[in-house]
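Dear colleague,

I am handing over the structure we spoke about, and you will find it just below. Please have it open while you read the notes that come after it.

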Amino acid sequence: EKLASTLTEADIPVEHAEALRFLLDHMCSSDRFSVPATLILDTIAQSFQALREAQARWADLKEIPSDIFLNGILPFTCVSERREEWRSALCDLCKPLVESAGSAADAVCAINRSLFPLVGVQYSTQRAKADQSPLESIASGTASCTGLAILLVAACRSIGIPARFVGTPLWTDGSGNHSWVEVWVGGSWHFTGAAEPQ
(Lines give C-alpha, C1' and ligand atoms only; values in the text may rest on other atoms or scores of the structure.)
Protein backbone atom coordinates (compact mmCIF):
# COMPACT_ATOMS: atom_id res chain seq x y z
CA GLU A 1 0.00 0.00 0.00
CA LYS A 2 1.26 3.45 -0.92
CA LEU A 3 2.14 5.57 2.14
CA ALA A 4 1.97 9.30 2.84
CA SER A 5 5.74 9.59 2.46
CA THR A 6 5.48 8.69 -1.25
CA LEU A 7 2.97 11.40 -2.19
CA THR A 8 3.96 14.27 -4.45
CA GLU A 9 2.09 17.21 -5.91
CA ALA A 10 1.68 15.17 -9.10
CA ASP A 11 -0.80 12.98 -7.16
CA ILE A 12 -3.36 15.75 -6.60
CA PRO A 13 -5.09 18.64 -8.36
CA VAL A 14 -2.98 21.81 -8.53
CA GLU A 15 -5.37 23.71 -6.26
CA HIS A 16 -4.73 21.16 -3.48
CA ALA A 17 -0.92 21.34 -3.59
CA GLU A 18 -0.61 23.73 -0.63
CA ALA A 19 -2.75 21.42 1.52
CA LEU A 20 -0.61 18.40 0.67
CA ARG A 21 2.58 20.32 1.45
CA PHE A 22 1.10 21.47 4.77
CA LEU A 23 0.10 17.97 5.86
CA LEU A 24 3.41 16.42 4.87
CA ASP A 25 5.44 19.22 6.46
CA HIS A 26 3.53 19.11 9.75
CA MET A 27 2.79 15.42 10.32
CA CYS A 28 4.93 13.49 12.77
CA SER A 29 7.61 11.34 11.17
CA SER A 30 5.94 8.07 12.19
CA ASP A 31 2.78 9.11 10.29
CA ARG A 32 4.78 9.67 7.11
CA PHE A 33 5.68 5.98 7.04
CA SER A 34 2.46 4.46 8.42
CA VAL A 35 -0.49 6.55 7.21
CA PRO A 36 -1.88 5.34 3.88
CA ALA A 37 -1.68 7.80 1.00
CA THR A 38 -5.41 7.29 0.43
CA LEU A 39 -6.14 8.77 3.88
CA ILE A 40 -4.19 11.90 2.97
CA LEU A 41 -5.79 12.24 -0.48
CA ASP A 42 -9.31 11.66 0.89
CA THR A 43 -8.67 14.10 3.75
CA ILE A 44 -7.65 16.84 1.32
CA ALA A 45 -10.56 16.31 -1.07
CA GLN A 46 -13.16 16.05 1.72
CA SER A 47 -11.75 19.11 3.52
CA PHE A 48 -12.07 21.31 0.45
CA GLN A 49 -15.59 20.01 -0.21
CA ALA A 50 -16.62 20.72 3.39
CA LEU A 51 -15.11 24.21 3.20
CA ARG A 52 -17.02 25.05 0.00
CA GLU A 53 -20.30 23.83 1.46
CA ALA A 54 -19.83 25.65 4.78
CA GLN A 55 -18.91 28.93 3.12
CA ALA A 56 -21.92 28.72 0.81
CA ARG A 57 -24.21 28.07 3.77
CA TRP A 58 -23.08 30.26 6.67
CA ALA A 59 -22.20 33.97 6.56
CA ASP A 60 -19.96 33.69 9.63
CA LEU A 61 -17.63 31.40 7.61
CA LYS A 62 -17.53 33.37 4.34
CA GLU A 63 -13.95 34.54 4.88
CA ILE A 64 -11.73 31.73 6.17
CA PRO A 65 -8.03 32.61 5.87
CA SER A 66 -5.77 29.93 4.44
CA ASP A 67 -3.96 29.36 7.75
CA ILE A 68 -7.29 28.77 9.52
CA PHE A 69 -8.31 26.21 6.88
CA LEU A 70 -4.92 24.47 7.01
CA ASN A 71 -4.84 24.27 10.82
CA GLY A 72 -8.55 24.10 11.63
CA ILE A 73 -10.24 21.97 8.95
CA LEU A 74 -7.57 20.02 7.08
CA PRO A 75 -5.81 18.03 9.85
CA PHE A 76 -6.80 14.37 10.16
CA THR A 77 -5.75 14.12 13.80
CA CYS A 78 -5.64 16.15 17.01
CA VAL A 79 -3.10 14.41 19.23
CA SER A 80 -1.98 10.79 19.40
CA GLU A 81 -5.27 9.08 18.58
CA ARG A 82 -5.51 6.27 16.03
CA ARG A 83 -5.25 7.55 12.44
CA GLU A 84 -8.42 6.75 10.51
CA GLU A 85 -10.84 8.10 7.93
CA TRP A 86 -13.66 9.61 9.99
CA ARG A 87 -14.75 12.55 7.82
CA SER A 88 -17.39 10.91 5.66
CA ALA A 89 -19.08 9.09 8.56
CA LEU A 90 -19.15 12.19 10.77
CA CYS A 91 -20.28 14.42 7.91
CA ASP A 92 -23.21 12.08 7.26
CA LEU A 93 -24.12 12.16 10.97
CA CYS A 94 -23.72 15.93 11.38
CA LYS A 95 -25.40 17.32 8.27
CA PRO A 96 -28.93 16.51 9.48
CA LEU A 97 -28.10 17.97 12.90
CA VAL A 98 -27.23 21.36 11.39
CA GLU A 99 -29.94 21.48 8.74
CA SER A 100 -31.76 24.39 10.39
CA ALA A 101 -28.66 26.17 11.75
CA GLY A 102 -28.62 29.80 10.64
CA SER A 103 -24.93 30.23 11.38
CA ALA A 104 -21.82 28.16 11.94
CA ALA A 105 -22.02 29.12 15.62
CA ASP A 106 -25.55 27.65 15.75
CA ALA A 107 -24.26 24.56 13.94
CA VAL A 108 -21.55 24.00 16.57
CA CYS A 109 -24.16 24.26 19.33
CA ALA A 110 -26.44 21.81 17.50
CA ILE A 111 -23.61 19.29 17.06
CA ASN A 112 -22.47 19.62 20.66
CA ARG A 113 -26.03 19.20 21.92
CA SER A 114 -27.10 16.31 19.66
CA LEU A 115 -24.14 14.30 18.37
CA PHE A 116 -23.06 12.65 21.62
CA PRO A 117 -26.53 11.27 22.47
CA LEU A 118 -27.04 10.29 18.82
CA VAL A 119 -23.91 8.12 18.74
CA GLY A 120 -24.28 7.01 22.36
CA VAL A 121 -20.99 8.45 23.62
CA GLN A 122 -20.69 9.73 27.17
CA TYR A 123 -17.89 10.73 29.50
CA SER A 124 -16.41 7.89 31.53
CA THR A 125 -13.15 7.21 33.31
CA GLN A 126 -13.72 3.56 32.32
CA ARG A 127 -12.97 4.26 28.65
CA ALA A 128 -10.38 2.07 26.92
CA LYS A 129 -7.81 4.87 26.60
CA ALA A 130 -7.72 8.63 26.96
CA ASP A 131 -6.82 9.50 23.38
CA GLN A 132 -9.44 7.54 21.48
CA SER A 133 -10.13 8.35 17.86
CA PRO A 134 -13.63 9.52 16.89
CA LEU A 135 -14.64 6.06 15.66
CA GLU A 136 -13.13 4.32 18.70
CA SER A 137 -15.23 6.53 21.00
CA ILE A 138 -18.36 5.83 18.98
CA ALA A 139 -17.68 2.09 19.02
CA SER A 140 -17.09 1.99 22.78
CA GLY A 141 -19.78 4.47 23.83
CA THR A 142 -17.42 6.07 26.34
CA ALA A 143 -14.66 8.66 26.20
CA SER A 144 -12.50 10.81 28.40
CA CYS A 145 -12.64 14.59 28.04
CA THR A 146 -9.81 14.11 25.54
CA GLY A 147 -11.84 11.61 23.51
CA LEU A 148 -14.93 13.83 23.66
CA ALA A 149 -12.91 16.83 22.47
CA ILE A 150 -11.34 14.81 19.62
CA LEU A 151 -14.83 13.71 18.52
CA LEU A 152 -16.24 17.26 18.58
CA VAL A 153 -13.23 18.68 16.70
CA ALA A 154 -13.58 15.97 14.05
CA ALA A 155 -17.34 16.53 13.75
CA CYS A 156 -16.89 20.27 13.20
CA ARG A 157 -14.09 19.75 10.70
CA SER A 158 -16.19 17.20 8.80
CA ILE A 159 -18.72 19.90 7.87
CA GLY A 160 -16.19 22.68 7.26
CA ILE A 161 -16.15 24.47 10.61
CA PRO A 162 -12.58 25.16 11.79
CA ALA A 163 -11.93 23.55 15.16
CA ARG A 164 -8.92 22.79 17.34
CA PHE A 165 -8.11 20.67 20.35
CA VAL A 166 -7.05 22.53 23.50
CA GLY A 167 -6.04 21.21 26.89
CA THR A 168 -3.97 21.46 30.00
CA PRO A 169 -1.85 18.58 31.30
CA LEU A 170 -2.33 19.73 34.91
CA TRP A 171 -4.42 22.43 36.59
CA THR A 172 -2.46 24.80 38.82
CA ASP A 173 -4.06 23.26 41.90
CA GLY A 174 -2.80 19.81 40.85
CA SER A 175 -6.33 18.42 40.44
CA GLY A 176 -5.75 16.79 37.06
CA ASN A 177 -5.88 17.51 33.36
CA HIS A 178 -8.65 18.60 31.03
CA SER A 179 -9.32 18.97 27.30
CA TRP A 180 -11.76 21.21 25.44
CA VAL A 181 -12.42 22.62 21.97
CA GLU A 182 -12.14 25.96 20.24
CA VAL A 183 -14.09 26.73 17.07
CA TRP A 184 -13.40 29.52 14.59
CA VAL A 185 -16.60 31.36 13.69
CA GLY A 186 -17.27 34.99 12.94
CA GLY A 187 -13.59 35.73 12.49
CA SER A 188 -12.20 34.48 15.80
CA TRP A 189 -11.70 31.45 18.03
CA HIS A 190 -14.33 30.60 20.67
CA PHE A 191 -14.29 28.12 23.56
CA THR A 192 -16.71 25.23 23.94
CA GLY A 193 -16.63 22.17 26.13
CA ALA A 194 -17.21 18.87 24.32
CA ALA A 195 -20.52 17.24 25.32
CA GLU A 196 -21.24 20.41 27.33
CA PRO A 197 -23.97 21.98 25.19
CA GLN A 198 -24.95 24.70 27.64
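What follows is an account of one helix pair, of several salt bridges, and of one residue ahead of the first helix.

Please keep in mind throughout that this is a predicted model.

I begin with the helix pair. Helix α5, which covers residues 87-97, and helix α6, which covers residues 104-119, have axes that come within 10 Å and cross at roughly 125°. Because angles over 145 degrees would count as roughly antiparallel and those from 65 to 115 as roughly perpendicular, α5 and α6 are described as oblique to each other, and the crossing in which α5 passes α6 is right-handed. On the α5 side the contact is made by Leu93, Cys94 and Leu97, which meet Ala110, Ile111, Ser114, Leu115, Leu118 and Val119 of α6. Sorted by class, this contact of α5 with α6 contains eight nonpolar residues and one polar residue, with no charged residues.

Turning to the charged side chains, a search of the whole structure finds eight salt bridges, and I describe some of them here. Helix α5 takes part again through Lys95, which forms a salt bridge with Glu53, with the closest N and O atoms 3.0 Å apart. This pair links distant parts of the chain, since Lys95 sits in helix α5 and Glu53 in helix α3 (residues 37-57), 42 residues apart. Lys95 is partly exposed at a relative accessible area of 39%, and Glu53 also counts as partly exposed, at 32%.

A further salt bridge joins the side chains of Glu84 and Arg82, at 2.5 Å from N to O. Here Glu84 has a relative accessible area of 9% and is therefore buried, as the cut-off is under 20%, whereas Arg82 is partly exposed at 42%. Arg82 and Glu84 also belong to a network of salt bridges that links them with Lys129 and Glu136.

Asp11 forms a salt bridge with Lys2, the closest N and O atoms being 3.3 Å apart. Asp11 is partly exposed, with a relative accessible area of 31%, and Lys2 is likewise partly exposed, at 41%.

Finally, Val14 lies in the segment before α1 (17-26). Its relative accessibility is 73%, and because the cut-off for exposed is over 50%, Val14 counts as exposed. The C-alpha atoms of Val14 and Leu170 are separated by 43 Å, with the two residues 156 apart along the chain.

With best regards

Conventions
Residues numbered from 1 in each chain as written. Predicted model: local features only at pLDDT ≥ 70, side-chain atom pairs only at ≥ 80, totals over all residues. Heavy atoms only, no water. Helix = DSSP H or I, 4+ residues; strand = E, 2+ residues; numbered from the N terminus. Buried < 20%, exposed > 50% of the residue type's maximum accessible area, 1.4 Å probe, protein only. Axes fitted to C-alpha atoms, helices over the stretch in contact; angles between N-to-C directions. Parallel < 35°, antiparallel > 145°, perpendicular 65-115°, else oblique. Left-handed = near helix turned anticlockwise from the far one by under 90°. Contact = heavy atoms within 4.5 Å. Nonpolar A, V, L, I, M, F, W, Y, C, P; charged D, E, K, R; others polar. Salt bridge = Lys/Arg side-chain N within 4 Å of Asp/Glu carboxyl O.
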